[in-house]
Amino acid sequence: MSDIAAFWLDSLPQLLAGLSISLQVTGAALAIGFPLGLLLALGVQSKVKAVKLPSLCLVEIGRGAPALVVLQFAYFGLPQGGLTLSAFAAAVFALAWNTGAYTSEIIRAGLESVPFGEIEAASAMGMLPRDTLRFVIIPQGLRVAAPALLGFAVAVLQATSLCFAIALPELTSNAYMIGTITFRYMEILSLAGILYAAICVPATIAVGVLEQRLGKHAL
Amino acid sequence: MNHIPDTVNLSRMHPVGEPDKPILRLEAIRKKFGEHVVLDDVNISLKSGEVVAIIGPSGSGKSTLLRCVNMLGPATSGRVVIGDLVIDEAVPPTAQQLTQLRRSVGMVFQSFNLFPHMSVLRNVSLPQERVLGRSRKDANKRSLELLARVGLEDKADQYPARCSGGQQQRIAIARALALEPQIMLFDEPTSALDPELGLEVLAVMQELARSGMTMLVVTHEMNFAETVSDRVIIMADGKIIEEGASREVIRNPTSDRAKRFLKAVKDR
Amino acid sequence: MIHGVALGIPWTLAVTAAAFLIGAALGLPLCAMRMSKLPPLRFIGLAYIILFRSIPPLLLVFFFFFGLGSGFLPISAFQGAVLGLGLITAANMAEIYRGALSAIHFGQWDASEALALPSYSTYIDIIAPQLIRVSLPSAASYAVGLLKESAIASTIGVTDISFNANYIAKSTYQGLTVFGIAALFYIMISLPIAALARFADQKLRARVAL
């Protein structure tokens, strides 16, 4: 038992370094992906075809293709088109696209949950559609979407493990590397699992609490 | 009713224009959903300061008519005339016309439609800032005056969900008044409320009527229609079937359809 | 090139279907535990669900293939992928069942009890048909998600769509085209699943109106 503890202690710095990269990728992907999701949500509802069609394409491909394939597309595929990305940039590119595509649906549902009567009231008072969007629809829509968005953030952190496939030294890659050297896969992968769980379990519980709280504040 | 503080002088707060010239005219309003005729050649004229109640069985087109006035649901044909503003219902209005119309006409809904994510004060101030271009400070000052007028200045920092239905509707009235409309439309303002809470809303409306506001009120409150409004219009099947001085129409209706409706209401 | 990528389709389908079946079956007892009146059972159910939704699927698949596979229990890449994805699917299906159960009106239980139906009959005749009907849309969209998740099987050597795409991309340096084709295959497979689910949903809706 103390043997495992010593092994874990030895490996921990490398795993934490990996976790740090996982978190950086997650943060960057969310920082780009959430605003992108809002834009795509609005774009898909647009009446202008030149806005609607590209938005729809980005959403459908981002949701339809596996994140792993998008990731490999960004890292191994884009060079064919003359664009070479670092592993980190490719990871952020792919996961931000993925995030934008999925959260656009979450945010759209949130925006649609705003009661029509409020939109009508704003209109009856002469508020312009863009003001209604900015002050009435978006603030409430995002609030409704908040739990699902947090839930998706957890999914993005988990998805960073896919970066193993493009040799980005994040948590799963580092654990795997230690495994190949020591052949103690079971122990090292368990430790990596504990590290993921240490972040994702509280976050998942928080999503549940947030959902309940939000339910209470409904009018 | 007496728990509404009488903070403001009730007499003639809203300027009365030329007494005989109508402030609002609805001309030949027709509306069809496919083959179904919802409004059939409705003509109404309101003088400044006049309070008109529209009553009638559900499905008679009362609320639909109200929504034609401010173009929330335009009619198939007909005209709405408010002062210099002439709106042809069949033609999409320009953005400028629409803004002018919505500023001239305030509306209060059955379901209040307050913005739940904003404080009571923000609810009343936001439209002033965005539509009238008032500063935050000026808007808040005006909002507090109006909240005082509906007896709710102490609720300014609360959120709508913390207010009773009656209070929410009074806030919605203050919000509509904040844009200084010439005419106020009320779409069954008490129908979603318990009778007791409805009374406090009716008290505010009565105060508003006495202060000289021009009001077009769709309602089921016979007492309000009889005692507060100057005129009553009875609608059925998309048509006006009876109109005249409130007491007369409600006490002595002439048409059979109107008699049947009023009897049904009284016997309930 | 298209042919090469297409060779992986059966494996992609096999991993997805096997993991889904395991998850759909294991999800039922897990859901029962999660909703049990006995606190220890309820805790185990809840802990399983939260834990398996908190660990990246790739890591879990590695755990079974490399971890268990390295001397503890000989396990193939296919088995490792199906086991890892299946156990995660079970956690998610349990939550889908739980959501569906709460959508079934409590009057159904009351009525069954008032009619003195034995509890197995209540479950099999009354609750199960409604449960399947209500959980079908969520289960179908989960299955579509699982189809895409199954791509991680390629990282341990299951020769699915993703594996073949990766292999061809590296040997031809035409990643843009190859991964584009792979993405298209996944989208094309998910369309009939979604359509089938919609069809079944309408059929069942007609029969088991709620």
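Here are some exercises with worked solutions on this three-chain model.

Before you start: this is a predicted model, where local features need pLDDT of at least 70, side-chain atom pairs count only at pLDDT 80 or more, and totals for chains, interfaces and linings use all residues. Residues are numbered from 1 along each chain as its sequence is written, while chains are lettered from A and ligands numbered from 1 in the order in which they are written.

**Exercise 1. Work out how many helices and strands chain A, chain B and chain C have.**

Step 1. Get the terms straight: helices (H or I, at least four residues) and strands (E, at least two) are DSSP runs, numbered from the N terminus.

Step 2. Take chain A, which has eight helices and zero strands. From the N terminus its elements read α-α-α-α-α-α-α-α.

Step 3. Go on to chain C, with nine helices and zero strands. Its pattern along the sequence is α-α-α-α-α-α-α-α-α.

Step 4. Finish with chain B: here you find nine helices and ten strands.

**Exercise 2. Describe the dimensions of the chains, and say how compact chain B is.**

Step 1. Look along the principal axes: the C-alpha atoms of chain A fill a box of roughly 70 × 50 × 20 Å, and those of chain C one of roughly 70 × 45 × 25 Å.

Step 2. Do the same for chain B, whose C-alpha trace spans about 55 × 45 × 35 Å.

Step 3. Bring in the radius of gyration, which is taken over C-alpha atoms; the globule rule is 2.2 Å times the number of residues to the power 0.38.

Step 4. Compare: chain B has a radius of gyration of 18 Å, close to the 18 Å that the rule gives for 268 residues, so chain B is as compact as a globular protein of that length.

**Exercise 3. Find the stretches that UniProt annotates as domains.**

Step 1. Note how to read the record: UniProt positions are given in the numbering used here, feature names are shortened, and annotations may be inferred rather than shown by experiment.

Step 2. In chain A, an unreviewed UniProt entry puts "domain: ABC transmembrane type-1" at residues 19-207. That span is 82% helix and 0% strand, and its end C-alpha atoms lie 22 Å apart.

Step 3. In chain B, an unreviewed UniProt entry gives "domain: ABC transporter" for residues 24-262. This span is 39% helix and 27% strand, with end C-alpha atoms 27 Å apart.

**Exercise 4. Which pairs of chains touch, and what makes up the touching sides?**

Step 1. Set the rule: two residues are in contact if their C-beta atoms, placed from the backbone, lie within 7 Å. For classes, Ala, Val, Leu, Ile, Met, Phe, Trp, Tyr, Cys and Pro count as nonpolar, Asp, Glu, Lys and Arg as charged, and the others, Gly among them, as polar.

Step 2. Of the two pairs of chains that touch, chains A and C have the most contacts. That contact takes 33 residues from chain A and 31 residues from chain C. On chain A's side, H2 (49-64), H3 (67-77), H7 (171-182) and H8 (185-217) each supply at least two residues, and H8(A) gives the largest share, ten residues. By class, this side has 22 nonpolar, eleven polar and no charged residues.

Step 3. Chain B meets chain A too, with 19 residues of chain B in contact with 17 residues of chain A. H2 (95-104) and H3 (120-132) of chain B give two or more residues each to chain B's side, and H3(B) has the largest share, four residues. Chain B's side divides into eleven nonpolar, five polar and three charged residues.

Step 4. Chains B and C have no contact, and their closest C-alpha atoms lie 27 Å apart.

**Exercise 5. Are H3(B) and H4(B) parallel, antiparallel, perpendicular or oblique to each other?**

Step 1. Axes are lines fitted to C-alpha atoms, for helices over the stretch in contact, and angles run from 0 to 180 degrees between N-to-C directions. Under 35 degrees counts as roughly parallel, over 145 as roughly antiparallel, 65 to 115 as roughly perpendicular and the rest as oblique.

Step 2. H3(B) and H4(B) (residues 136-149) pack at about 125 degrees, with their axes 8 Å apart.

Step 3. The two helices, H3(B) and H4(B), are therefore oblique to each other.
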